[in-house]
Amino acid sequence: MQLSVAARKFLVDSYVALRRGDTAPGSRVAYHMTLRQLEALIRLSEAIARCHLDDEVHPRHVKLATRLLKASVISVMWVNRMRRTTRAPWKRQRPKSPRLKLS
């Protein structure tokens, strides 16, 4: 599947913007964008184009893929944060039960 010239430019701009947000000092949202996420962005864009029965990836496909990737990464970050701040039910301290003396 081919990426159109406009889709390539949009893909690069989107990735750079996400990386910039990842490294911005004082940023509360860090996407931790790596080369693996760039590859995922390309694969998602191609899959979306296929779903629309297009032979070429267009900027609208990249835009949707970027939104999906952001939502996915943000939801994973939120779940991880919740796991760190709340104790799992099986790790909570249970009241001690009285011990029976077997003598």
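**Helix α2 and its surroundings**

Student: Which helix do arginine 50 and glutamate 46 lie in, and how many residues apart are they?

Tutor: Both residues lie in helix α2, and they are four residues apart, which is about one turn of the helix. Please note that the model is predicted.

Student: Where do their side chains meet, and in what kind of link?

Tutor: Arginine 50 and glutamate 46 meet in a salt bridge, with a distance of 4.0 Å from N to O.

Student: Is each partner buried, partly exposed or exposed?

Tutor: Arginine 50 is partly exposed, because its relative accessible area is 47%. Glutamate 46 is buried, because its relative accessible area is 18% and the limit for buried is under 20%.

Student: How many salt bridges are there in total?

Tutor: The count comes to three. One of them joins aspartate 13 to lysine 9, with the closest N and O atoms 3.1 Å apart. Another links aspartate 54 with arginine 60, where the closest N and O atoms are 2.9 Å apart.

Student: Where do aspartate 13 and lysine 9 lie?

Tutor: Both lie in helix α1, four residues apart, or about one turn of the helix. Aspartate 13 counts as partly exposed because its relative accessible area is 40%. Lysine 9 has a value of 54% and is therefore exposed.

Student: Why would that spacing suit a pair in a helix?

Tutor: An α-helix has 3.6 residues a turn, so residues three or four places apart point the same way.

Student: Back to α2. How many residues has it, and how far does it reach?

Tutor: Helix α2 has 17 residues and reaches 24 Å from its first C-alpha to its last, close to the 24 Å expected at 1.5 Å a residue. Its buried residues include Leu38, Leu41, Ser45 and Ile48.

Student: What is serine 45 in contact with?

Tutor: Apart from neighbours within four places in sequence, serine 45 is in contact with Val57, His61, Val62 and Ala65. Serine 45 counts as buried because its relative accessible area is 2%.

Student: And what follows α2?

Tutor: Leucine 53 follows, and its phi is positive, near 60 degrees. Leucine 53 sits in the loop between α2 and β2 (56-57). With 76% relative accessibility, leucine 53 is therefore exposed.

Student: What sign does phi have in most residues?

Tutor: Most residues other than glycine have a negative phi.

Student: New topic: which residues touch the most other members of the largest nonpolar core?

Tutor: That core has 15 residues, and Leu11, Met33, Leu41, Val57, Val62 and Leu69 touch the most other members. The elements that give two or more residues to this core are α1 (5-23), α2 (35-51) and α3 (59-85).

Student: Which residues does leucine 11 contact?

Tutor: Setting aside its neighbours within four places in sequence, leucine 11 is in contact with Leu3, Leu38, Leu41, Ile42 and Val62.

Student: Finally, how do the elements run along the whole chain?

Tutor: From the N terminus on, the order is β-α-α-β-α, with three helices and two strands. Of the chain's 103 residues, 27% count as buried. The chain exposes about 8,500 Å², and carbon and sulfur atoms supply 58% of that area.

Student: What share of the contacts joins residues 24 or more positions apart?

Tutor: Such pairs account for 57% of the contacts with a separation of 6 or more.

Conventions
Residues numbered from 1 in each chain as written. Predicted model: local features only at pLDDT ≥ 70, side-chain atom pairs only at ≥ 80, totals over all residues. Heavy atoms only, no water. Core = buried A, V, L, I, M, F, W, Y, C linked by side-chain atoms within 4.5 Å. Buried < 20%, exposed > 50% of the residue type's maximum accessible area, 1.4 Å probe, protein only. Contact = heavy atoms within 4.5 Å. Expected span 1.5 Å × (residues − 1). Areas by Shrake-Rupley, 256 points an atom, 1.4 Å probe, with all protein chains shown as cover.
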